[in-house]
Amino acid sequence: MYNSHIRFFLYLLISGVILFTGCKDKRMYPDVSHINVDVNLTPFFKEFHAIDTLNIEDVVLPVYQKYPEFMEAYCQRIIRVGARDDSEYVPKLTSFLTYQANKDILKKTDEIYPDFIFLKQELIEGLKHYKYYFPNKSIPEIYLMISGFSQSIAVDQHWLGLSVEKYLGEDCEFYEWLGIPKYLRKGMVKEKMAPDVLRAMALTNFPTQTKAEDVINSMIYKGKIKYFVKRMFPDLKDTLLFDYSKEQMQWCKKNESEMWASLVEWKHLFQEDRMLIQKYTGDAPFSANFGNNSAPRAGEFIGYKIVSTYMKENEEVSLQDLMNETDGRKILAASNYRP
């Protein structure tokens, strides 16, 4: 009797797993187990900040030789210390490396990230999906850097630089000292590193090229980028995808139909006013036109919902087709979006 109960329980458990797996959207969860990706993830900042500042000219040369393309861009465009043959290069680089704030960043980063095994694993998973959908696209070499808070991500044709100091946790004291608003810190967490890498790749490979720079095209383009990231990481929580709190996410879902009705009623969708576009899709504590209690970038959320609906309504459209489509109005019309 006891054994029969165990067998029955195991049957229910296995059936539940099969049912759950079977219910997953195969379009969102393709089989990528057969895809192999080579992720070159270099903790460049450790090597760079180990440079002996008393002997920079000799010590920096091997680093240049090891990473020629990235080092040139990093020194000239990211930390702006100039080219190696500039007369001010050595003193500027010395100043950057000995600057106490950068030393503090390095120490904090080493404390939080003793290694980046987790990041490589997450990147492998995301990039497997990337190669599944875009088999002809190349994967850049990824360098972990300290940019002195100048930028989160730098992208070139063959490489991508990720600033580790932008992912130290939303409660990091550095962000408080720098006066970074709390609404901007939502995405400054380790869980956003890999999604941000894929997001940067999407922005680089599929730049906005619309003829009409209006509200709806901005909303849908940003919605497409969010949808792209979701397809790379199907299990990514919506709160992380949008850098929302649970309350902000709930607000958007609860007020989706009212927001859309207001956009239509106010005739804002096809307005080309840059300030108006910013109010709906730009970073801010809230979406100005929807009140102080609204979630930020609510237009981006609506754009994502339109894109998601469009892809469900048009199953013949591939992700590559979506990303290559630059006419947001066309996507809206074919989506039959009715929240």
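This report walks through the pockets, a cavity, a small sheet and a few single residues of one protein model.

The model is predicted, so local features need a pLDDT of at least 70, side-chain atom pairs count only at pLDDT 80 or more, and totals for chains, interfaces and linings use all residues. Residues are numbered from 1 along each chain as its sequence is written, and side-chain values use heavy atoms, with hydrogens and water left out.

## Empty spaces

Let's start with the gaps. Rolling a probe the size of a water molecule over the atoms shows where empty space is left. The search uses a 1 Å grid over the protein atoms alone: a cavity is a set of points where a 1.4 Å probe fits but cannot get out, while a pocket is an open set with protein on both sides within 12 Å along at least five of seven lines. A residue belongs to the lining if it has an atom within 4 Å of a point. Grid points are joined across faces, edges and corners, and the volume is the space filled by probe spheres set on the points.

For the lining classes, Ala, Val, Leu, Ile, Met, Phe, Trp, Tyr, Cys and Pro count as nonpolar, Asp, Glu, Lys and Arg as charged, and the others, Gly among them, as polar. Helices (H or I, at least four residues) and strands (E, at least two) are DSSP runs, numbered from the N terminus.

| Space | Volume | Classes in the lining |
|---|---|---|
| Largest pocket | about 680 Å³ | eleven nonpolar, five polar, ten charged residues |
| Second largest pocket | about 370 Å³ | five nonpolar, two polar, nine charged residues |
| Largest cavity | about 50 Å³ | four nonpolar, no polar, four charged residues |

Which residues sit closest to the centre of the largest pocket? Of the 26 in its lining, they are Ser152, Asp196, Arg199, Asp243 and Asp283. Strand E3 (153-155), helix H9 (182-185), helix H10 (193-205) and helix H11 (215-232) are the elements that give two or more residues to this lining. H10 provides the largest share, five residues.

The second largest pocket has 16 lining residues, and Met28, Tyr227, Tyr304, Ser308 and Lys312 lie nearest its centre. Here H11 and helix H15 (298-313) each supply at least two residues, and H15 has the largest share with seven.

How many cavities of 30 Å³ or more turn up in the whole structure? The search finds one. Its walls are formed by Lys192, Pro195, Asp196, Arg199, Ile225, Lys226, Val229 and Leu241, and the elements that give two or more residues to them are H10 and H11.

## A small sheet

Strands of a sheet pair through backbone hydrogen bonds, either parallel or antiparallel. For two strands to count as paired, DSSP must find at least two bridges between them. This model has an open sheet of four strands in the order E1-E2-E4-E3, with mixed pairing. Strand E1 (41-42) and E3 stand at the edges with a single partner strand each, so one side of each has no neighbour in the sheet. E1 and strand E2 (residues 141-145) run parallel and are joined by two bridges. Within that pair, Thr42 stands opposite Tyr143 in E2.

## Single residues

Now for a few individuals. Relative accessible area is worked out with a 1.4 Å probe on protein chains only: buried means under 20%, exposed over 50%, and partly exposed in between.

Thr281 is part of helix H14 (residues 274-281). Is it buried or exposed? Thr281 is buried, because its relative accessible area is 4%. Its side chain reaches the backbone oxygen of Ile277 at 2.9 Å. Not counting neighbours within four places in sequence, Thr281 is in contact (heavy atoms within 4.5 Å) with Ser218, Met219, Lys222, Arg297, Gly299 and Glu300.

Asp243, which we met at the largest pocket, has a positive phi of about 55 degrees although it is not a glycine. Asp243 is in the loop between helix H12 (238-242) and helix H13 (246-265), and at 17% relative accessibility it counts as buried.

Lys267 is not a glycine either, yet has a positive phi of about 60 degrees. Lys267 lies in the loop between H13 and H14 and counts as exposed at 65%.

Glu265 belongs to helix H13 and is exposed too, at 62% relative accessibility. The C-alpha atoms of Glu265 and Asp25 are separated by 34 Å, and the two residues are 240 apart along the chain.

Terms used
A polar contact is a pair of N or O atoms within 3.5 Å; within protein, one must be able to donate a hydrogen and the other to accept it, and residues adjacent in sequence count only if both atoms are side-chain atoms.
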